[in-house]
Amino acid sequence: MNNRRPRTCSPARLPAVAVAVLGFHLLVAPAVLAADPPHWYSTSLVIGCTEQCHSLHNAAGGGLTRAAGNANLCQSCHNPSGLADQAPIPSSASAIPGFSGSSHAFGVPAVNGAYSTERPLNTEMDLRIMGDNVVCSTCHDQHAGTSTQGGTPKISTPEKVTSLGAGTASSQGTFNGALGVWYLLEIDGGGTQVDATFRWSKDNGTSWMVQTVPVGNGSPVVLDSGVEVVFSGVNPGDFVVGEQWEFFGTWPFLRTNLDSGDINSVDKFCRDCHRNWVMTHDTDLVAGGGVRNWDGNFKSHPVGVTLNANGLAYDRAQPLDGNGQAQTAGASPDVDGNPTNDLAFDSSGNVQCLSCHGVHYADSNTATVDAP
Ligand code: HEC
Ligand code: HEC
Ligand code: HEC
Ligand code: HEC
């Protein structure tokens, strides 16, 4: 079928010489690994089970991983000249509050007296507190780019695999597929944006979803899962048969769902390690953590409540955006053209830690768009 082939590390993927070794490895550790794009082979990127991350012999890391530290391993690609050069997270990004950094701290002790943090109650997260430290894999399951774990989905910018003509392709939309996907676009009828055609694949060209689709004369062409592409090129020869681009749609590989609902609800991410700081507007939800029964310890701004939850009518109907205008209600609150400074609520309209805080690429400046 046109759908994804299963992304498992079956011996068939590896050079023959490695098969015997892997077979042995699987007997010892029967769990079969799988990963979702972009953490899996595309047409041009080689990202699989053994190439970068896992090595079967002489592995430096405790989990048979190639880099001794978890953050190190991630940073071996997530650096400005690595395979994930579009999403670098250098050690200098790890926050020292009031001083430096643009990213939630990593490679730091999970238990921090000053911020009253504790080891997570979520057992999968707690398993990935490594050497007492919070690392990338504490918060991320690097194998699972799935919608069930949520977060903000991403559609990456198409990159040319070949370079035959001057025509360009860009992407837009909001990815809503269940799992991460690599999309491959290939021109199958040459010409300009008026008469050229293309085909597209979700398995790196093994099979094609649809063929000879008009490139759309500058208008968006809908693929699937909320993904659209726009081709431009008005000169003869801009689109040449065989020209290819690849890009992905995926989810941010979260280990558990982001916080939503009130402070006692099931989905806790920030409110897990930071549970001693959760605060609500009243006495009802958690002992000592209500504005009206405050126990005197440091807390966050109230979370897990909607605007005007206390009925005192001093909240605005909508938060203001960076330019002083009221944000729009709902999932796309942006009115100042900078979606990275929006005070966004969870899907049930509650204030959460992430309404005010970013996780990565957060430069703490409302005037600039946060980006790698
Ligand atoms: C072999 C290379 C490689 C390694 C190692 C790697 N990544 Fe990635 N990762 C990528 C690439 C490529 C992307 C896509 C970057 C882009 O273009 O935005 C990516 C994207 C991501 C994303 C973002 C997905 C999205 O929604 O945009 C997350 C989260 C992520 N990686 C986490 C990790 C973590 C955590 C580790 C370590 C456990 C890790 N990665 C190790 C290659 C790698
Ligand atoms: C304290 C938890 C935490 C730690 C530690 C952490 N991340 Fe993240 N990361 C997140 C969350 C949460 C998101 C998604 C935010 C969203 O979807 O709004 C995210 C998103 C990302 C993204 C997508 C880009 C973005 O800003 O949305 C990349 C890439 C990424 N993380 C890589 C890493 C790497 C590499 C490390 C270690 C060097 C790391 N993360 C450490 C929680 C964490
Ligand atoms: C796995 C545990 C864990 C999770 C999950 C977690 N934090 Fe933290 N957080 C910590 C620890 C530990 C520190 C203290 C870091 C240090 O040593 O500076 C911290 C520090 C912070 C700081 C101070 C700046 C910094 O990075 O040092 C902020 C702000 C913060 N966390 C917000 C969040 C938000 C927002 C989330 C949810 C996306 C979150 N945290 C999820 C453990 C966690
Ligand atoms: C209404 C907005 C808002 C919400 C909601 C919010 N914060 Fe903050 N938080 C801030 C601001 C603003 C600062 C910076 C204050 C400063 O620098 O003194 C901050 C600072 C912090 C710090 C660093 C303190 C320091 O000493 O520099 C931590 C840790 C933190 N917040 C954690 C959280 C956690 C965890 C949550 C969710 C339980 C949360 N915050 C919810 C606005 C918010």
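This report describes the ligand surroundings, a few strands and some aromatic pairs of a predicted model.

## Ligand 1

The shell around ligand 1 holds 23 residues, and those that come nearest are His39, Cys74, Cys77, His78 and Lys154. By class, this shell has 13 nonpolar, nine polar and one charged residues. Helix 2 (70-77), helix 4 (136-139) and strand 12 (244-250) each supply at least two residues of the shell around ligand 1. Helix 2 gives the most, with four residues.

Three side chains place an N or O atom beside a polar atom of ligand 1. For His39, the partner is a nitrogen atom of ligand 1, 2.8 Å away. For His78, a nitrogen atom of ligand 1 is likewise at 2.8 Å. For Lys154, the partner is an oxygen atom of ligand 1, at 2.7 Å.

## Ligand 3

Around ligand 3 there are 21 residues, the closest being His104, Ala105, Cys270, Cys273 and His274. The shell consists of 15 nonpolar and six polar residues, with no charged ones. Strand 1 (108-109), helix 5 (270-273) and helix 6 (353-356) each supply at least two residues of the shell around ligand 3.

Polar atoms of the protein and of ligand 3 also meet here. The table lists three such contacts.

| Residue | Protein atom | Atom of ligand 3 | Distance |
|---|---|---|---|
| His104 | polar side-chain atom | nitrogen | 2.8 Å |
| Ala105 | backbone N or O atom | oxygen | 3.0 Å |
| Asn112 | polar side-chain atom | oxygen | 3.2 Å |

In the case of Ala105, the contact is made by the backbone, whereas Asn112 uses its side chain.

## The iron atom of ligand 4

Ligand 4 contains an iron atom with a single donor from the protein. That donor is NE2 of His357, 2.0 Å away. His357 is found in the segment after helix 6, and helix 6 itself supplies at least two residues of the shell around ligand 3.

## A sheet of three strands

Strand 1, which contributes to the shell around ligand 3, also belongs to an open sheet of three strands. The order in this sheet is 1-3-2, and the pairing is antiparallel. Strand 1 and strand 2 (129-130) are the edge strands, each pairing on one side only. Strand 1 is joined to strand 3 (residues 133-134) by two bridges, and the two run antiparallel. Within this pairing, Pro109 has Asn133 of strand 3 as its bridge partner.

## Strand 8 and its neighbours

Strand 8 (residues 197-201) pairs with strand 7 and with strand 9. Strand 7 (residues 181-189) is joined to strand 8 by five bridges, and the two run antiparallel. Strand 8 is joined to strand 9 (residues 210-214) by three bridges, again antiparallel. Phe198 of strand 8 has a residue opposite it in each pairing: Ile187 and, in strand 9, Val213.

How many residues of strand 8 are buried? Five of its five residues are, and the strand is mostly covered. In a regular strand the side chains alternate between the two faces of the sheet. In strand 8 both faces are covered: Thr197, Arg199 and Ser201 are buried on one side, and Phe198 and Trp200 are buried on the other.

## Aromatic pairs

The count of aromatic pairs in the model comes to eleven. The rings of Trp40 and Tyr41 have centres 4.9 Å apart and planes at 85 degrees; planes over 60 degrees apart count as edge-to-face, so this pair is edge-to-face. Trp40 is buried, because its relative accessible area is 4%, under the 20% cut-off. Tyr41, with a relative accessible area of 15%, is buried as well.

Tyr183 and Trp200 form a tilted pair, with 6.1 Å from centre to centre and 40 degrees between the planes. This pair links distant parts of the chain, since Tyr183 lies in strand 7 and Trp200 in strand 8, 17 residues apart. Both Tyr183 and Trp200 are buried. Another residue of strand 8, Phe198, belongs to an aromatic cluster together with Phe231, Phe239 and Trp245.

## A loop residue

Ala326 lies in the loop between helix 5 and helix 6. Ala326 counts as partly exposed, because its relative accessibility is 45%, which falls between 20% and 50%. Ala326 and Arg316 are ten residues apart along the chain, and their C-alpha atoms are separated by 8.9 Å.

Notes: Residues are numbered from 1 along each chain as its sequence is written. Chains are lettered from A and ligands numbered from 1 in the order in which they are written. This is a predicted model: local features need pLDDT of at least 70, side-chain atom pairs count only at pLDDT 80 or more; totals for chains, interfaces and linings use all residues. Side-chain values use heavy atoms; hydrogens and water are left out. A residue is near a molecule or strand if one of its heavy atoms lies within 4 Å of it. A polar contact is a pair of N or O atoms within 3.5 Å; within protein, one must be able to donate a hydrogen and the other to accept it, and residues adjacent in sequence count only if both atoms are side-chain atoms. Ala, Val, Leu, Ile, Met, Phe, Trp, Tyr, Cys and Pro count as nonpolar, Asp, Glu, Lys and Arg as charged, and the others, Gly among them, as polar. Donors are N, O and S atoms within 2.8 Å of the metal (3.2 Å for Na, K and Ca); water is not among the atoms, so sites may look incomplete. Two strands pair if DSSP finds at least two bridges between them. Rings of Phe, Tyr and Trp (its six-membered ring) pair if their centres lie within 6.5 Å; planes under 30 degrees apart count as stacked, over 60 as edge-to-face and the rest as tilted. Buried means under 20% relative accessible area, exposed over 50%, partly exposed in between (1.4 Å probe, protein chains only).
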